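Biologist: I should like a close look at one part of this model, beginning with how the exposure of a residue is classed. Please give a single connected account of the helix packing and the aromatic rings there, together with some of the residues around them.

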Amino acid sequence: MTLGRLDVSDVRNIAAAAIELAPGINLVHGDNGSGKTSLLESIYFLGSGRTFRSQSAEPLIRREAAACTVFGVVGNGQTHRIGVRRGRKGEREIHIDGEPASRASELARLLPTLVMGPQSIDLVTGPPSVRRSFLNWGVFHVEPSFASVWERYSRALRQRNQLLRDAGQGLGSWNESLDQMAHQVDEFRRRYAEAFERHFKTVAASLLGEKDVDSRYYRGWERHRRLLDVLEDQEGSDRLRGYTQSGPHRSDIRIKMNGQTAAAVCSRGELKVLSWAMVLAQGALFREVTRASLVYLVDDLAAELDAAHRDRVSELLAKPGNQVVVTGIDRTQLDTGWGDRAPKWFHVEQGCVHEEE
């Protein structure tokens, strides 16, 4: 799906905005603090019910407002009207084609979005939880049954952890349940990670040249053992800690360059390029498997990237089937690398968004 109409109310410093996006390249320029990132955040909120800038959604709401609302029209042959409202007390409303929806995952299927910005570097340098979320996004979109299996696993994990903290008995049945579901989760993730590795190497090579870059999937427990056996062996230490130490909830993707951990040996610029390569590879795999469109939200394209890297990133983003919304301070730095895909331009000033020539 691509996003056509976008209406924003009370998101950070944007009191109200209504724009029509192009199905291809959309370039947004303006000064720092003008509201460029808030516009990207609004689109992400529409496709996920969450913000990419903080754990809490409350900062998303404009200071003078009681709630924020984002509405959009998405389509790719068939059109859907989607909307999300979030209040200061945590209440959330989702509507799809005029009907209430209970799950943000319904938004994600209609408007898949990927973010490339300053925070993307956490994909390489941050904790494993960041990469697990990245991995789950990818598997969710290419394996239709993954979401339900992961939800059941997470529910069983919470029950086991509660028993561990309460010194309760009856862990055996939960161990068996976790073992069965962990195998399914691992199979989904392993297949995805293998396909992702192929795309990641290709994208990284185009951005970084001849450097040896790879990604390795770690499933969260010893490779050649059943999780059931590991859980039984670790029961004593799990009880002492009050949580389950092994399982798919501890999985990771480990990024290496020239055989060494990338976070330890790469420069800041290389880390940014690596993290953006991960996102671009994920998008390429999404397109290969689903044949559907997705939206890239690129925050401050020019920051910490030289002209050559900007052009390479732009060329990858400009591939057919991608809808792209890119922000930057300097219009001239944005207007490069898009090939024959003519961009649509927007200017943001003090929270006001205007289309321009």
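Modeller: A residue is called buried when its relative accessible area is under 20%, exposed when that area is over 50%, and partly exposed in between. The model under discussion is a predicted one. Glu106, at 35% relative accessibility, therefore counts as partly exposed. This residue belongs to helix 2, which spans residues 105-110. Apart from neighbours within four places in sequence, Glu106 is in contact with Ile96 and Ala101. Its C-alpha atom is separated by 8.7 Å from that of Gly47, a residue 59 places away along the chain.

The part for closer inspection is the packing of helix 5 on helix 6. Two packed helices are described by the angle between their axes and the distance between the axes. Helix 5 comprises residues 146-166 and helix 6 residues 171-208; their axes come within 9 Å and cross at roughly 150°. The crossing of helix 5 with helix 6 is left-handed. On the side of helix 5, the residues making the contact include Phe146, Val149, Trp150, Tyr153, Ala156 and Leu157. Helix 6 contributes, among others, Leu171, Trp174, Leu178, Met181, Val185 and Phe188. By character, the residues of this contact divide into 15 nonpolar, three polar and three charged. Arg152 and Arg160 of helix 5 and Arg189 of helix 6 are among the contact residues.

The aromatic side chains deserve separate treatment. A pair of aromatic rings is described by the distance of the centres and the angle of the planes. With ring centres required to lie within 6.5 Å, the count comes to eight aromatic pairs. One of them is formed by Phe134 and Phe196, in an edge-to-face arrangement with 5.6 Å from centre to centre and 75° between the planes. Phe134 lies in helix 4 (residues 128-142) and Phe196 in helix 6, so this pair ties together parts that are 62 residues apart in sequence. Phe134 has a relative accessible area of 8% and is therefore buried; Phe196, at 1%, also counts as buried.

A second pair brings the account back to helix 5. Trp150 and Tyr153 are stacked, with 5.6 Å centre to centre and 15° between the planes. These two residues are three apart in helix 5 and so are separated by about one helical turn. Both of them are buried, and both take part in the contact with helix 6. Ring pairs also link Phe134 and Phe196 with Tyr192 and Phe200 into a cluster.

Helix 5 also contains Asn161. At 14% relative accessibility, Asn161 falls under the 20% limit and therefore counts as buried. Setting aside residues up to four places away in sequence, Asn161 touches Gly242, Tyr243 and Thr244.

Two arginines placed over aromatic rings may be added. Arg109 lies over the face of Phe140, at 4.0 Å from the ring centre. Arg254 lies over the face of Tyr218, at 4.2 Å from the ring centre.

A loop residue completes the account. Lys319 is found in the loop between helix 11 (307-317) and strand 13 (322-328). Its relative accessible area of 46% is between the two limits, so Lys319 is partly exposed. Lys319 and Glu357 are 38 residues apart in sequence, and their C-alpha atoms are 23 Å apart in space.

Key. Residues numbered from 1 in each chain as written. Predicted model: local features only at pLDDT ≥ 70, side-chain atom pairs only at ≥ 80, totals over all residues. Heavy atoms only, no water. Axes fitted to C-alpha atoms, helices over the stretch in contact; angles between N-to-C directions. Helix = DSSP H or I, 4+ residues; strand = E, 2+ residues; numbered from the N terminus. Left-handed = near helix turned anticlockwise from the far one by under 90°. Contact = heavy atoms within 4.5 Å. Nonpolar A, V, L, I, M, F, W, Y, C, P; charged D, E, K, R; others polar. Phe/Tyr/Trp six-rings, centres within 6.5 Å; stacked < 30°, edge-to-face > 60°. Buried < 20%, exposed > 50% of the residue type's maximum accessible area, 1.4 Å probe, protein only. Lys NZ or Arg CZ within 6 Å of the ring centre and 35° of its normal.
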